[in-house]
Amino acid sequence: MPTAAELLPGTLDLIVLRTLVRGPMHGYGIAQRVKEISKDVLQVGESSLYPALQRLLLDGYVTAEWGASENNRRARFYTLTAAGRRQLASEREEFERVVGAIHAVLRFA
Amino acid sequence: MRIVRRLEHWIRSRTHRGELEDELAFHRSMIEGNLIARGWTPDAARIAARRTMGNETLSREDARHVWVWWWLDALRQDAAYTVRSLRKSPGFTAAVVGTLALGLGANAAMFATVDRILFRAPPRLIEPATVHRVYLYRTSEGVEAERSGQYLRYTDLARWTSSFSQAAAVEERALPVGTGDATRELPIGIVSASFFELFDAPAALGRYFTPAEDTPPAGAAVAVLTDAAWKAQYGGRRDVIGAPISIGSTRFTVIGVAPPGFVGLWPERPPSAFIPVTAFGPMNGTNTSAWWSSYDHAIGISTIVRRKPGVTVAAATADLTTALRRSYEHQLDIEQPNGPWTLASLRPRAVVASILSERGPEASSFARVALWLSGVALIVLLIACANVANLLLARTLQRRREIAVRIALGVSRVRLTSQLVLEGVLLAILAGLAGIASATWTSSAMQRLFLPDDVAPRVLTDPRTTLFAIGVAVLVGIATGIVPALQIGRHSLTTDLKAGAREGTYQHARLRGALLVAQGALSVLLLVGAGLFVRSLRNVRHIPLGYDAKPVLVVDLNMRGVRLDSAHLASLNDRLLAASLGVRGVEHASLMKTVPFEGIESTALFVAGIDSVDRLGEFDLNGVSPDYFATMGTRILRGRGFQPSDGARSGPVMIVGASMARALWPRANPIGECVRLSAPDAPCTTVVGVAQDVHTHSVSDESGYYFYYLPASQVRPDYTGLFVRARNPTRVAPLLRSRLQAEMPGASYVTVRPLSDVVGDQERSWAVGAQAFSALGALALGMAALGLYSVIAYGVAQRKHELGVRMALGARPADITRLVVGESLRVAVLGLALGACVSLGAAHWIAPLLFQESPHDPVVFCVAGLVLVAAAIAASLLPARRAARIDPTTALQAG
């Protein structure tokens, strides 16, 4: 099993926001989802996930609500807000611009 | 929006913490469940889940810090920690708070006083910076003096200047208000109608008077009450409009009430009412018809102006001076002043200055003394700071192990420093609050010293003073807290952890020693100041005044417009004299025309063989009864006093002061000499006696002034009053007043006051200096002694082991005592030397405030030194005794 890659700095918020596009999800779900989708390459550490969620709450990009999890346990579900969607779009654009630039440099420099 | 969410979070922080915990627990149990599903044992799964989650506390903290600024959190923790640790040592806390409270209280009180005198514009004044008080100067016989007060001068200036958008005439004076027994002297604002436009103070009830009601020769008898007087005397009744009110000799009608807080230019002595200056004019002076149209009649008014926008102070001054010259030109045209006056020799000059009179060119010495005392109060605060820094330092040293442990546990130095500074600030704020409370008391004491007629400033309710006190408290807290914080940086962690409190501690005493020396030096400075003022005051009091002030009462007649012809007045005076002698406890009584320091009466003198008597100096007179010299205790040196036989029909006689006799007849016996009064061809007034010299102008210097006496029966009778000598003046005063009041016609009335009050006013600046310096000096000395005591006591406790060794090696208790006291003395002597040097250096600044006292007076310096040394010995005796009683066995075992 290859070791999990470190997340690029500043991308955690983007990834969390993107994950929530599919619908409300709890913290554990977000972590699992990222792991699955990235085929275990990306790992969201619990110690950074919760501060990130709090940050998004503070900025108003997500809202939180207590609900029942799939196995009927009390869990906190995070929902993307309109402001969160806008933020996701602009962060994503910015991310792609930077990644494109890095690619360009790697290829031609 | 963020801030709203932050606040919401902060308010519900407990709930949030719980939610976060639940959330993390859920996360962990999901991982656990997952692992168990994959075949892990529950125990292994739990451990693995925990490992995956990492440091949950840390992530909880991190999550929390997203919401709460970390420093706010840290501050709250530190504050809680500080409060806990301060509560554990109440003695220390009380000592620090008490010391600082005294220092801060003194400063808050001084600030309140100085702020009021020098910085605070009258309330509700619009744009105070453009409003000025006007001072008018003219030169006579080579001496320039301020001369103003005429209504005509005011109208001249208002008419002939163009730099000002507003001009007003103002004066505040105590006038009798009310009728009959309810009559009381109250301060009244005497103002022109234009005065109210300078303020943003629309009448709360009714209206102000109009320019039409304020026109000479006699303005309308209308009055506007101040809010305080309306509430206090009329119970705030709205039907007060139209009510009659007797002020001075006139019956006024109330037409309005000023809004709360509007007190004109006199916040220190708020007036009861405002009346038109033209309604006041006619009740003042004898020639009532000319008070407004002649330069001869000064009614005591000042001029207030507002500069037009864009006009500089210099331009305004020039404009005003031009107008003043024109006014004097006019005066020389229409009047015949006695003396060879010309516009060129008068050199009229106007000055526009601050609306605050103590910032103007005619400021009294009180502003200066108040500033001095502020400096002194600041020194007291410095001493308090040094003391507190010392206490905090000692405390930090005691806590070195605790601090070292905290550092080892990962507390950053910044955090540790901020906690120590916070401790200082917290203590100082506590002290600040206590200080403000004590300042209320202190400032009323200050007030009694400086402005005896005033209402004390409200320190507690005055936001400016409170803000000042809290601001200074925070500064003091940071300054004192930073001293121990600086010490932390020097420590090596490992030695501190290994060492007990014993080793290495004592060497840090150098900084504390320096602080102690500084305290001692500052105390010496204040003690020397106190000594110099006390000696000045004593010198002033030792000058013979030429009369006794203590047993003498001054009776003033206030006629309130009642006018009597000469014969009736003479008979009233005779009845008053007889009545006062009938009062139990009265020994002697005499009529008089002038009271020392308060007024002068003079007339031209002509003496054969002398060209111009006036050139020799100023000759003032008093018209007195035969009993005058016995009443005042003024001795007759040669010849005789007045006798009942020196009446209106007998030959005119006079008694001259000793210096006057020397000045007029340096070689001859003055008895029997002839002096002509008022005119060179007047009949001879024969000198029948020579009296001891008296002080009537200044308690300190009477040179150039001469005094003589005429029998009251041989001069025009006056409305002035009497001097009465009593064995117990305080007890006699009320009896005398009610007895004399019975003789007074109509609305006129008498007041009785001790002559010592009049003299006391003259000595006030030295008395203020002596009292304030002594009080603050004693405070400083007490603080320094306390500081010395705490440091020595602390040192003894720290050196227990060392002292034990010394005793084990054969030192006797006396040696130990000498060791401890000697250390204290070394500090005192160093402080003394330093303080003496500073005092000598500062001497020339204080010299002008002293009286016949050298600022280098060796007696004062010696006494100050002895006091400091005595305090140092006293402070170290207790710790020294404790040191001498150390049992070497226990001390060595404990080490």
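# Salt bridges, burial and an interface

Modeller: In this predicted model, A:Glu94 and A:Arg97 sit three residues apart, about one turn of the helix, in α4 (residues 82-108) of chain A.

Colleague: What makes A:Glu94 and A:Arg97 a salt bridge?

Modeller: The closest N and O atoms of A:Glu94 and A:Arg97 are 3.4 Å apart. The cut-off is 4 Å between a side-chain nitrogen of Lys or Arg and a carboxyl oxygen of Asp or Glu, so the pair qualifies.

Colleague: Why is A:Glu94 called partly exposed?

Modeller: A:Glu94 has a relative accessibility of 40%. Partly exposed runs between the 20% and 50% limits, so A:Glu94 belongs there. A:Arg97, at 58%, counts as exposed because the limit is over 50%.

Colleague: How do you know that the salt bridge of B:Arg535 and B:Asp857 links distant parts of the chain?

Modeller: The closest N and O atoms of B:Arg535 and B:Asp857 are 3.0 Å apart. The two residues are 322 residues apart in the chain: B:Arg535 is in helix α17 (residues 509-542) of chain B, and B:Asp857 is in the loop between α25 (813-846) and α26 (858-884).

Colleague: Why is B:Asp857 called buried?

Modeller: B:Asp857 has a relative accessible area of 8%, and buried means under 20%, so the word applies. Its partner B:Arg535, at 24%, is partly exposed.

Colleague: What does B:Arg541 in helix α17 of chain B pair with?

Modeller: B:Arg541 forms a salt bridge with B:Glu763, the closest N and O atoms being 3.1 Å apart. B:Glu763 lies in the loop between α22 (755-762) and α23 (764-798) of chain B, 222 residues from B:Arg541. At 10% relative accessible area, B:Glu763 falls under the 20% limit and is therefore buried.

Colleague: How do you know that B:Asp22 and A:Arg74 meet in a salt bridge?

Modeller: The N to O distance between their side chains is 3.3 Å, and the limit is 4 Å, so the rule accepts the pair. Across the interface of chain A and chain B, the rule finds three salt bridges. The side of chain A that touches chain B takes two or more residues from each of α2 (27-37), α3 (46-59) and β3 (74-80); α3(A) gives the most, with 10 residues.

Colleague: What area is buried between chain A and chain B?

Modeller: The area is about 2200 Å², with 60% from carbon and sulfur atoms. The contact takes 25 residues from chain A and 22 from chain B.

Colleague: What makes B:Trp69 eligible for the nonpolar patch?

Modeller: B:Trp69 has a relative accessible area of 38%, and patch residues need over 30%, so B:Trp69 passes that step. The patch covers about 840 Å², and α1(B) supplies its largest share, five residues.

Definitions and conventions: Residues are numbered from 1 along each chain as its sequence is written. Chains are lettered from A and ligands numbered from 1 in the order in which they are written. This is a predicted model: local features need pLDDT of at least 70, side-chain atom pairs count only at pLDDT 80 or more; totals for chains, interfaces and linings use all residues. Side-chain values use heavy atoms; hydrogens and water are left out. Patches are made of residues with over 30% relative accessible area and no salt bridge: like charges are joined within 9 Å, nonpolar side chains (Val, Leu, Ile, Met, Phe, Trp, Tyr) within 5 Å. Accessible areas come from the Shrake-Rupley method with a 1.4 Å probe; for residues, only the protein chains shown count as cover. Helices (H or I, at least four residues) and strands (E, at least two) are DSSP runs, numbered from the N terminus. Buried means under 20% relative accessible area, exposed over 50%, partly exposed in between (1.4 Å probe, protein chains only). Contact means heavy atoms within 4.5 Å. Buried area is the accessible area (1.4 Å probe) that two parts lose on being put together, summed over both.
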